[in-house]
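Trainee: Could you walk me through the terms people use for a fold like this?
Mentor: Gladly; let us look at it together.

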Amino acid sequence: MTDAHTAANSPATTDMDAYWMPFTANRQFKESPRLLTRADGMYFTDDQGRQVLDGIAGLWCVNAGHNRPRIVQAIQTQAAELDFAPPFQMGHPKAFELASRLTEITPEGLNRVFFTNSGSEAVETALKIALAYHRARGEGQRTRLIGRERGYHGVNFGGMSVGGMVANRKMFGTLLAGVDHIRHTLDIQRNAFSVGLPAHGAELADDLERLVALHDASTIAAVIVEPIAGSAGVLLPPQGYLKRLREFCDKHGILLIFDEVITGFGRTGQPFAAQTFGVTPDLMTVAKGLTNGCVPMGAVFARQSIHDTFMQGPAHLIELFHGYTYSAHPLACAAGLATLDTYADDQLLTRASHIGGHFAEALHSLRGEPHVIDVRNFGLVGGVELTPRPGEPTKRAFSVFLDCWEQGVLVRTTGDIIALSPPLIASAEDLSRMVEAIRTALRRLA
Ligand SMILES: Cc1ncc(COP(=O)(O)O)c(C=O)c1O
């Protein structure tokens with residue numbers, strides 16, 4: 001065996017080569033890997049034994065912090081008790097229990113729950129329910145779906161089509177037909193460094209009227225937006241914007257879908273952003289915090305009247321031809337129930353409204369640091385926007401990410417925006433440390 005052959009087949013090389021990593025600069029990563037091996041509370045441990053403060057709740061999902069005993073125990077027990085139950089024409093008790101428990105915290109009226117395995121699948125499911133609902137009530141011509149520029153709704157074809165992040169769309173053909181987009185809500189010129197919701201821009205909701213004038217309301221099935229756009233860089237709804245969107249949808253018989261995959265489960269200071277902002281959608285998608293990120297699971301919450309529209313015809317017939325092999329998987333349901341218990345035990349679903357003030361103050365202290373052109377915050381979500389390096393978009397923020405990693409703090413970047421979404425258990429000191437790591441990186445890289 002030659003040396004070259006041995007090197008190519010050494011465990012490290014082989015392991016790194018085979019895994020094609022998602023949403024990752026694969027070559028950069030494999031040159032200088034960042035490997036996590038354990039996690040507890042607010043911290044990851046890396047393969048060098050370093051403690052890394054988690055500034056992004058894993059990926060906006062580990063809302064109760066890592067390694068929560070009730071959740072770990074529930075998953076272990078469930079695996080030994082019932083590993084799988086077919087979800088089509090069969091059920092298991094925890095699926096019903098979890099759905100029912102969830103409706104205790106969902107916005108008023110959203111009391112029917114369809115389970116999926118991810119946020120992307122929840123989005124596909126919501127879009128399909130919207131189309132099928134209109135058809136079931138005799139308005140099958142309502143086939144058009146409206147998203148928003150810079151929206152992120154996962155990576156499947158429906159979500160990609162209504163999504164509005166160009167890098168996620170441009171490689172993948174023509175996407176779904178009959179989709180259009182309203183304008184995004186970021187307006188740095190008028191709203192830079194707003195603390196909380198920006199004052200200007202409610203009128204951007206009127207863009208829906210423009211699309212209604214173009215396509216006619218009778219062709220539009222649904223509008224989908226994230227109450228706070230997370231993945232595109234923490235874009236906040238201007239004050240009054242979501243209410244206005246709701247009013248237009250009601251006026252025109254268009255369903256309003258909130259994608260709360262990121263904002264759900266306490267991120268904004270209430271269980272859901274719909275409650276924080278006082279606007280109830282017709283359908284709502286969630287995932288991530290639903291199981292504290294421990295087992296993949298997503299869900300769609302539906303108004304009962306939407307669900308009931310399908311409950312017609314002979315009772316032995318399937319009402320909705322949709323579902324996944326792993327819908328309401330027993331391990332996910334067990335994790336979901338234990339997650340709800342953990343949130344309740346520690347009163348985490350409202351904690352962001354208490355600690356959010358400190359977070360806002362710390363984040364906004366970055367105003368005036370090198371390259372910072374905007375700071376945005378709400379609850380426990382934060383975004384810091386930088387001027388891009390000339391000719392090298394995204395590189396500056398990525399350098400901040402790498403520098404923070406070296407300092408033992410995990411942040412996230414999208415474009416030239418640094419995003420923070422800490423676990424809801426974060427202390428004031430944890431939040432300050434995240435911000436100071438960003439400050440240090442900005443000054444070092446200036
Ligand atoms: C708003 C929103 N919708 C959908 C998704 C997709 O979720 P998943 O990655 O679980 O498919 C995400 C993921 O970040 C998201 O932020």
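Mentor: We will take the helix packing, then the sheet, then the ligand shell.
Mentor: This is a predicted model, where local features need pLDDT of at least 70, side-chain atom pairs count only at pLDDT 80 or more, and totals for chains, interfaces and linings use all residues. Residues are numbered from 1 along each chain as its sequence is written.

Trainee: Why are H16 and H18 called roughly parallel to each other?
Mentor: H16 (residues 351-364) and H18 (residues 428-445) pack at an angle of about 20°. Angles under 35 degrees count as roughly parallel, so H16 and H18 are roughly parallel to each other. Their axes are 9 Å apart.

Trainee: Which residues of H16 and H18 meet?
Mentor: Ile355, His358, Phe359, Ala362 and Leu363 in H16 meet Ala428, Leu431, Ser432 and Val435 in H18, contact being C-beta atoms, placed from the backbone, within 7 Å. The residues of this contact divide into seven nonpolar, two polar and no charged.

Trainee: What makes S9 and S10 a pair?
Mentor: Two strands pair if DSSP finds at least two bridges between them. S9 (residues 283-286) and S10 (residues 298-303) have four, in the antiparallel sense, so they qualify as a pair. In one of these pairings, Val286 has Ala299 in S10 as its bridge partner.

Trainee: Why do S4 and S6 stand at the edges of the sheet?
Mentor: The order is S4-S10-S9-S8-S7-S5-S6. S4 (110-116) and S6 (179-182) each have a single partner strand, so one side of each is left without a neighbour in the sheet.

Trainee: Which residues come nearest to the ligand?
Mentor: Ser118, Gly119, Ser120, Gly154 and Val261, of the 14 around the ligand; a residue is near if its C-beta atom, placed from the backbone, lies within 6 Å.

How values were computed:
Helix = DSSP H or I, 4+ residues; strand = E, 2+ residues; numbered from the N terminus. Axes fitted to C-alpha atoms, helices over the stretch in contact; angles between N-to-C directions. Parallel < 35°, antiparallel > 145°, perpendicular 65-115°, else oblique. Contact = placed C-beta atoms within 7 Å. Nonpolar A, V, L, I, M, F, W, Y, C, P; charged D, E, K, R; others polar.
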